[in-house]
Amino acid sequence: MFVIDVGFGCGDSCILLAEHYKSKVTGITNELSQWKVASKRTSELKNKITLIYGSADNLGRHISTKIFYDYIISIDSAYHYNTRWDFLKNAMDYLKPNGGIIGLYDLCIDPDFIKNASSTKLAIFKSICMAVHVPIANLVTPEEYEKRLIEIGYKNVQIVTLKRSEVFGGLSKSFEAQHDAVMKYGIGMTMSNRFYIKVSSFFFGLLGAKPWLVPVMVKGEKS
């Protein structure tokens, strides 16, 4: 089984795919620090895992179309792509005909937020998204997301919405637990890192409580 893992972080998903699912994995990320960490962690799996430092926005520059892939996955990163829709179009060139699957964990905008937010709130929200490198073109509702995938040419499209309180709320609790452990056991950590953990806990807590974003699982098949 051949898999492209786009935005693989520190390599956990690549290792899981190679070892547990016996896959041949090609990973790509534009985060140099993560590429270096993942390369060290997968050094003994070079016959199964190839890691590339590059951008999802330019798959053709880094990955050959001579091989068709059974799966392309992107976990918690596609909303950063410029744009997600160009990535999904380009991904079609690499998927195996008649059954190649793309799968993503992604973020959508809550339809109620679009309907009810004032122009000021929308402007602030868009500014925040730009600051964290989320292109405005990627901010669509789950319904619009499904429509776009079908227009691109995917079939059997499935989008499952997840509970924000469990996804974002869970992340918030995880960051808070890390902070508490650091303070309790006196683990060495810089003030800036402690601040980052505390702010992250607060930020994800807000996302878990406010009807702004919707976490989704996305699947589509190539015709």
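These legends walk you through close-up views of a predicted model. Local features need pLDDT of at least 70 and side-chain atom pairs count only at pLDDT 80 or more, while totals for chains, interfaces and linings use all residues. Residues are numbered from 1 along each chain as its sequence is written, and side-chain values use heavy atoms, with hydrogens and water left out.

**View A. Helix 8 packs with helix 9.** Here residues 164-185 (helix 8) and residues 191-209 (helix 9) pack at about 155°, their axes 8 Å apart. That angle makes helix 8 roughly antiparallel to helix 9 (angles over 145 degrees count as such). Look for Phe168, Leu171 and Phe175 among the helix 8 residues that meet helix 9, whose partners include Ile197 and Phe204 (contact means heavy atoms within 4.5 Å). The residues of this contact divide into nine nonpolar, nine polar and four charged.

**View B. Helix 1 and its buried residues.** Ser13, Cys14, Ile15, Leu17 and Ala18 are the buried residues of helix 1 (residues 12-19), where buried means under 20% relative accessible area with a 1.4 Å probe, protein chains only. They pack against strands 1, 2, 3 and 4 and also helix 2.

**View C. The largest nonpolar core.** Such a core is a set of buried Ala, Val, Leu, Ile, Met, Phe, Trp, Tyr and Cys residues joined through side-chain atoms within 4.5 Å. This one has 29 residues, with Ile72, Phe87, Leu88, Ile102, Tyr145 and Tyr154 making the most contacts inside it. Helix 4 gives the largest share, four residues.

**View D. Around Ile102.** Leaving aside residues up to four places away in sequence, Ile102 touches residues including Ala91, Leu95 and Val218.

Terms used
Axes fitted to C-alpha atoms, helices over the stretch in contact; angles between N-to-C directions. Helix = DSSP H or I, 4+ residues; strand = E, 2+ residues; numbered from the N terminus. Parallel < 35°, antiparallel > 145°, perpendicular 65-115°, else oblique. Nonpolar A, V, L, I, M, F, W, Y, C, P; charged D, E, K, R; others polar. Buried < 20%, exposed > 50% of the residue type's maximum accessible area, 1.4 Å probe, protein only.
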